[in-house]
Amino acid sequence: NEALELISTNENIISGYSRKFETKNLRLNELNENLRKIESQIMEKTQKFNLLSDMEKHYEGFAGSVKYVMQQAERGRLKGIYGPVSGLIEVENEYSLAIETALGGAIQNIVTENEENAKAAILLLKNEKMGRATFLPVSAVKGNAFNEKDVENCNGYIGIASTLTKYDSKFNGVIQSLLGRTVVVSNIDNAISMAKKFGYRFKIVTLDGQVVNAGGSLTGGSQVKGSGVLSRKNEIDSLKEELKGLKAKAAELSAEISKVRAEAAVIKAGLDGAVAEQNNARERQIRLEGEVSQYKALIESLELSLESLNNEKNNIINENEGRKREIEELNVTIKELTVSISYLEEEYERLSGSHEEAIKNRDKLQAEISDKKFEIISLNKDIENIENSIIEIEKQRELFKEELSLRKEEIEGIYLIIESLK
């Protein structure tokens, strides 16, 4: 029926909501897992960034004298201190090992504004017995221009070291003095070939940190990439950019998680509503079906009672018919007896000698007639009672019919209610 169709329709709606809700939950789990991974990366890279930044801030890896000078400069005891060379230049990662190798110990040289600032720092180191350091006054240090011709056409040529480095233009003389006559090439074979061609007049450094020095000596071997102060600075900058990207991605994921969670909540509300509606429909269906069953049982009982009354009525009618037949038979008998009496009276007149015998016969017949009439009266009384019973049965039968009709109407009403659930 239509109520069952409604339940089936609700099942389809619930199934649809359930699939959508499951899809959203799967997406939420996926997003949360991605966010967890990114947050783990952020934590890991933040720890490394903080560690390296702390090392950079405290000049870890620098000589004690350099650390001391920078600390005193930060405290205001020294003026005109720009910092070590490593802190004044920027180099792309692929060139950092070559540049760091080219600089060598000069990477820790301290750049000052002028000679007086350098002098003040040297006196402080001397007085405090904090060691020695090399200072590069901007006002005094000037680099020589690289004027070798055709070097850029050599195999493996990458560039002059100073051109592979970014720095403030005011430090040009310092950087040129340190890197202006150093060439960076791809590998040791190309470095040796170039050095031979130009008579070992300038330093050549390879990308993996091997060196052909001016004059012809070679320096090289294994070197851990990323272990130097310049590489550390690059790594700090790289980590900073990575963290920026990761945090942006985490923010995007968080926003998407909030969006999907809100969508899931809407779907869940729809699902809960559909389930509640389905439960209500099922409960009402069960309740109405129970009422129908009760009414059907009542109707069956009424029909059985009505059938019983009909049978009882038929039995009474048959009994009544029997009584009427008995009365007819008694009337016939009375008529026959009356005829016999008349005959006896005639015989009495004719036979005077048999007077006493005739009187006895007449009295006997009259008594028999009286008995029969009494029987007729009794039978008539029975018939009257039977007819009253039939009338009473008819009244009960009409009441049962009315009750039966009413219950059938109520059942029809319940079926209409069930169909209205659609």
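Which strands and which helix do the buried residues of H2 pack against? The close-ups below start with the whole protein and then come back to that.

**Overview: the predicted model as a whole.** This is a predicted model, with eight helices and 10 strands to find your way around. Of its 422 residues, 36% count as buried. The accessible surface adds up to about 25100 Å², and carbon and sulfur atoms own 49% of that. As for contacts with a separation of 6 or more, 75% are between residues 24 or more positions apart.

**Close-up 1: helix H2 and its packing partners.** H2 covers residues 64-74, and its buried residues are Ser65, Val66, Tyr68, Val69, Met70, Gln72 and Ala73. Here's what they pack against: strand S1 (81-84), strand S3 (110-112), strand S4 (135-137) and helix H4 (115-128).

**Close-up 2: Gly76, just after H2.** Move just past the end of H2 and you get to Gly76, which takes a positive phi of about 90°.

**Close-up 3: a negative patch on the surface.** Glu321, Glu326, Glu328, Glu329, Glu368, Asp371 and Glu375 form this one. Two elements each give two or more residues to the patch: helix H7 (229-350) and helix H8 (355-420). H7 supplies the largest share, with four residues.

**Close-up 4: Glu321, one member of that patch.** Glu321 sits in helix H7. Is this residue buried, partly exposed or exposed? Its relative accessible area is 36%, so Glu321 counts as partly exposed. That value also clears the cut-off for joining a patch, which is over 30% relative accessible area.

Key: Residues numbered from 1 in each chain as written. Predicted model: local features only at pLDDT ≥ 70, side-chain atom pairs only at ≥ 80, totals over all residues. Heavy atoms only, no water. Patch = residues over 30% accessible without salt bridge, like charges linked within 9 Å, V, L, I, M, F, W, Y side chains within 5 Å. Areas by Shrake-Rupley, 256 points an atom, 1.4 Å probe, with all protein chains shown as cover. Salt bridge = Lys/Arg side-chain N within 4 Å of Asp/Glu carboxyl O. Lys, Arg positive; Asp, Glu negative; His and termini not counted. Charge placed at Lys NZ, Arg CZ, Asp CG, Glu CD. Buried < 20%, exposed > 50% of the residue type's maximum accessible area, 1.4 Å probe, protein only. Contact = heavy atoms within 4.5 Å.
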